[in-house]
Amino acid sequence: MRVIASYNIKGGVGKTTTAVNLAWLSSREGRRTLLWDLDSQGAAGYCFRVQGRAHGKRLLRGKSDAGDIIRSTSYDGLDLLPADFSYRNVDVLLHDEKQPLNRLQKVLKPLKQDYDIVILDCPPGLSLLSEAVFRAADMLVVPTLPSILSLRTLKMLIDFRKEHAIKDLQLLAFLTMVDRRKKLHNDVIESSLRAQSWMLEAFVPYASEVEQMAERREPVAAYAPHGRAGTAYMALWQEVCKKSGLSPLPQSSRSC
């Protein structure tokens, strides 16, 4: 089972949109996929029309099993572990645990035989929950705006990973909400930043179809697969597959 986290220290960069679309693309290829919504806003669950109950406290304290809380979505092979408002206190809950950084791993361990991919939709910030995510995940996929502040927080994350010697955690960033009409965006696209080993080639453009996702409550790649954003998320997922070394799919399934 591979665990991929959609994460950024900065908010408003498209973490949920990324998690929702990558989870859908993973399941479309025949991979047994679980999307775990870790944000108290519950936006991922909203997009899949799945409502969470107040389970966060019991789940993180080991008093409930994830399998009893997971809900199916309307898409084959794609399940959701929904968030609820109790996740707003998740750092307090983790702080009370003896081994807080291992808590997410313990929740996911019994699911190894049930899923090929787990995608974590993470809240912003650098917190105890973030460090637990770093411990549980194999890879961080970091949506990054082509702006000074967003690139600054990306550097903070890269520095944190280096300073804390989190060697087993693969980090892959990509540019999102790219507007080619803006000089700064074009400068970032054409800069040496794009040559970094942790920066993906695929980028997601600023497009109205992405803004429709919350209204339609389904992944962009599902309702507009041939649009600019839908095509971009498909390219992004293919690159993530390649970089992460995901095992080949059966011949009956689509492969990355």
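These notebook entries record what I looked up in a predicted model.

**Entry 1: cysteines**

I began with the cysteines and asked how many disulfides the model holds. The count comes to 0 disulfides. I then asked why Cys-47 forms no bond. The closest cysteine sulfur to that of Cys-47 belongs to Cys-122, and at 16 Å it is too far away for a bond. A disulfide would require the two sulfur atoms to lie within 2.5 Å. I repeated the search starting from Cys-122, and it led back to Cys-47, again at 16 Å and too far for a bond. I also looked up the exposure of both residues. Cys-47 has a relative accessible area of 5% and is buried; Cys-122 is buried as well, with 1%.

**Entry 2: helix 1**

I next examined helix 1, which covers residues 15–28. Its 14 residues, at 1.5 Å a residue, should span 20 Å, and I found the end C-alpha atoms 20 Å apart, which agrees. Is this helix enclosed or not? Of its 14 residues, 13 are buried, so helix 1 is largely enclosed by the rest of the structure.

Within helix 1 I selected Thr-17. Its relative accessibility is 15%, so Thr-17 counts as buried, the limit being under 20%. I asked which residues Thr-17 contacts beyond its neighbours within four places in sequence. They are Val-210, Met-213 and Tyr-233. Just after the helix, I noted that Gly-30 takes a positive phi of about 100°.

**Entry 3: strand 2**

I moved on to strand 2, residues 33–37. Here 5 of the 5 residues are buried, so the strand is largely enclosed by the rest of the structure. I checked each face in turn. Thr-33, Leu-35 and Asp-37 are buried on one side, and Leu-34 and Trp-36 are buried on the other, so that both faces are covered.

I then looked for the partners of strand 2. Strand 4 (residues 78–81) runs parallel to strand 2 and is joined to it by 4 bridges. Strand 5 (residues 117–121) is also parallel to strand 2, with 5 bridges between them. I followed Leu-34 as an example: Asp-79 stands opposite it in strand 4, and Val-118 is its bridge partner in strand 5.

**Entry 4: helix 8**

Helix 8 comprises residues 148–163. Its 16 residues should span 22 Å at 1.5 Å a residue, and the end C-alpha atoms are indeed 22 Å apart. I listed its buried residues: Ser-150, Thr-153, Leu-154, Leu-157, Ile-158 and Phe-160. They cover an arc of only 160° around the axis, which puts them on the same side of helix 8. I asked what this buried side packs against. The buried residues pack against helix 7, strand 6 and strand 7. The face turned away from the buried side carries exposed residues, including Arg-152, Lys-155, Lys-162 and Glu-163. After helix 8 comes Ala-165, whose phi is positive, near 50°.

**Entry 5: Ser-244**

My last residue was Ser-244, in helix 13 (residues 228–244). Ser-244 is buried, with a relative accessible area of 11%. Not counting residues up to four places away in sequence, it touches Arg-2, Met-139 and Gln-170. I also found that its side chain reaches the backbone oxygen of Val-240 at 2.8 Å. Finally, I compared Ser-244 with Met-199: the two are 45 residues apart in sequence and 13 Å apart in space, C-alpha to C-alpha.

Conventions:
Residues numbered from 1 in each chain as written. Predicted model: local features only at pLDDT ≥ 70, side-chain atom pairs only at ≥ 80, totals over all residues. Heavy atoms only, no water. Buried < 20%, exposed > 50% of the residue type's maximum accessible area, 1.4 Å probe, protein only. Helix = DSSP H or I, 4+ residues; strand = E, 2+ residues; numbered from the N terminus. Expected span 1.5 Å × (residues − 1). Pairing = 2+ DSSP bridges. Contact = heavy atoms within 4.5 Å. Polar contact = N/O pair within 3.5 Å; in protein donor to acceptor, adjacent residues only side chain to side chain. Arc of directions from axis to C-beta.
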